[in-house]
Amino acid sequence: MALLKAARVSDVPTLDVLVPDLAAAARIGAGAKQQRAAGRLAVIGHRGKGMNALSSPDRRLQEVKENSVRSFNEAARFAIDYVEFDVQVTKDACPIIFHDNFIFTEEQGKVSDRRVTDLRLEEFLQYGPQNKEGKNGKPLLRKMKDGRVLNWNVQSDDPLCTLQEALEKVNPRLGFNVELKFDDNLVYQEEELSHILEAILKVVFEYAKDRPIIFSSFQPDAAQLMRKMQSTYPVYFLTNGGTEIYTDVRRNSLEEAVKLCLASGMQGIVSEARAIFRFPDAIPKIKEADLSLLTYGTLNNVPEAVYMQHLMGVNGVIVDLVPEITKAISDLIATPQTDMEIEDLSSKVMKDATSTPNFTHREISFLLRLMPELVQ
């Protein structure tokens with residue numbers, strides 16, 4: 001088994017505690033060869049080269065401004081397949097790339113905020129560094145989950161950008177995992193969702209060219225509607241897989257996610273990685289439904305956890321520590337040599353490769369013993 005050379009568990013910020021079902025994980029790990037022919041594991045850069053965690057002591061999470069052209073192109077220097085980012089639509093119907101529901105600034109010593117979707121494009125682009133030399137933008141701040149508001153300082157800054165800019169300026173070899181971003185605290189009518197999705201599709205159809213595209217969303221109605229509105233690009237349903245509970249039952253389990261995908265013709269599920277370790281018996285059901293499976297979350301910054309998911313049948317991982325995890329995957333998972341090209345995720349599922357990872361019972365036992373330590 002290759003040496004682990006990426007992030008140590010102690011380097012990963014804010015991992016929630018869970019007690020994985022090790023017996024079920026062992027059954028899946030031990031039976032992985034029978035359940036599937038393991039292909040290459042897709043790596044997807046979270047918000048580009050990684051999200052910004054401003055309150056984290058880990059400086060790697062403050063290297064480059066997330067969800068920016070610079071971050072996407074920095075990520076493209078490494079062996080990743082896609083970058084993931086969040087798309088919202090401004091008041092004047094322009095798709096922009098930004099994660100938070102509200103944008104914060106400081107004016108005359110007072111902190112103020114505005115809902116991103118209430119801004120016009122010109123207003124949105126006034127925040128942070130500017131493309132025009134000599135022009136100063138409004139100070140960009142960010143509100144933490146604990147209520148603190150911090151200056152959005154990173155080592156390598158970049159202006160806010162639109163979806164069109166990303167499609168035009170980012171390395172064309174990279175696929176885009178476009179998260180359709182909606183506020184969990186708002187209720188959306190179908191007419192409003194249609195207006196938002198139409199604006200996004202207009203830009204994608206005009207500027208994507210041959211770039212692989214995946215759409216994904218935590219909002220079940222938006223995901224269903226996007227699948228109904230077009231068949232060119234696959235749609236994945238994002239879920240916490242039961243690690244958090246919502247009033248909409250469709251969001252509360254991997255089982256519900258499978259049902260939603262099958263009912264709507266969606267092509268895959270993007271699950272919180274913790275849910276995969278809590279409910280590993282869901283993986284064969286996802287595969288039986290002919291759905292692709294991706295994961296996200298801070299566990300994906302730990303190479304042991306990523307490797308374990310590969311053994312369990314996960315198709316791809318969304319990661320923050322792009323350099324470290326791509327290096328670890330290269331060391332841990334030998335890509336089979338084959339003349340057959342492996343399809344990208346936008347073709348729904350990857351083609352089977354010619355061999356499976358070479359892992360022994362001892363290695364599986366080691367990984368299972370390690371899991372409780374990983375999630376503490």
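**Salt bridges and a buried threonine**

Arg 60 is partly exposed, at 24% relative accessibility. In this predicted model, the side chain of Arg 60 meets that of Glu 324 in a salt bridge, with 3.3 Å from N to O. Arg 60 sits in the loop between S1 and H3, while Glu 324 belongs to helix H12 (residues 322-332), so this pair ties together parts of the chain that are 264 residues apart in sequence. The pair belongs to a total of 20 salt bridges counted in the structure.

A second salt bridge worth a look involves Glu 66 and Arg 47, whose closest N and O atoms are 3.1 Å apart. Both residues lie in the loop between strand S1 (42-46) and helix H3 (69-75), and they are 19 residues apart. Glu 66 and Arg 47 are both buried.

Moving on into helix H3, Arg 70 pairs with Asp 158 in a salt bridge, the closest N and O atoms being 3.8 Å apart. Because Arg 70 lies in helix H3 and Asp 158 in the loop between strand S7 (149-151) and strand S8 (161-162), the pair ties together parts that are 88 residues apart in sequence. What is the exposure of each partner, buried or partly exposed? Arg 70 has a relative accessible area of 36% and is therefore partly exposed, whereas Asp 158, at 12%, is buried. The cut-off behind these labels is 20%, under which a residue counts as buried. Salt bridges with shared partners also join four residues into one network: Arg 47, Glu 66, Asp 100 and Arg 142. The buried pair of Glu 66 and Arg 47 is thus part of this network.

Helix H12, which supplies Glu 324 to the salt bridge with Arg 60, also holds Thr 326. How is Thr 326 placed, buried or exposed? With a relative accessibility of 9%, Thr 326 counts as buried, because the limit for that label is 20%. The side chain of Thr 326 reaches the backbone oxygen of Val 322 at 2.6 Å, a separation that falls within the 3.5 Å limit for a polar contact. Which residues does Thr 326 touch, leaving aside those up to four places away in sequence? They are Val 43, Phe 78, Ala 79 and Ile 80. Val 43 falls in strand S1, which spans 42-46.

Terms used:
Residues are numbered from 1 along each chain as its sequence is written. This is a predicted model: local features need pLDDT of at least 70, side-chain atom pairs count only at pLDDT 80 or more; totals for chains, interfaces and linings use all residues. Side-chain values use heavy atoms; hydrogens and water are left out. Helices (H or I, at least four residues) and strands (E, at least two) are DSSP runs, numbered from the N terminus. Buried means under 20% relative accessible area, exposed over 50%, partly exposed in between (1.4 Å probe, protein chains only). A polar contact is a pair of N or O atoms within 3.5 Å; within protein, one must be able to donate a hydrogen and the other to accept it, and residues adjacent in sequence count only if both atoms are side-chain atoms. Contact means heavy atoms within 4.5 Å.
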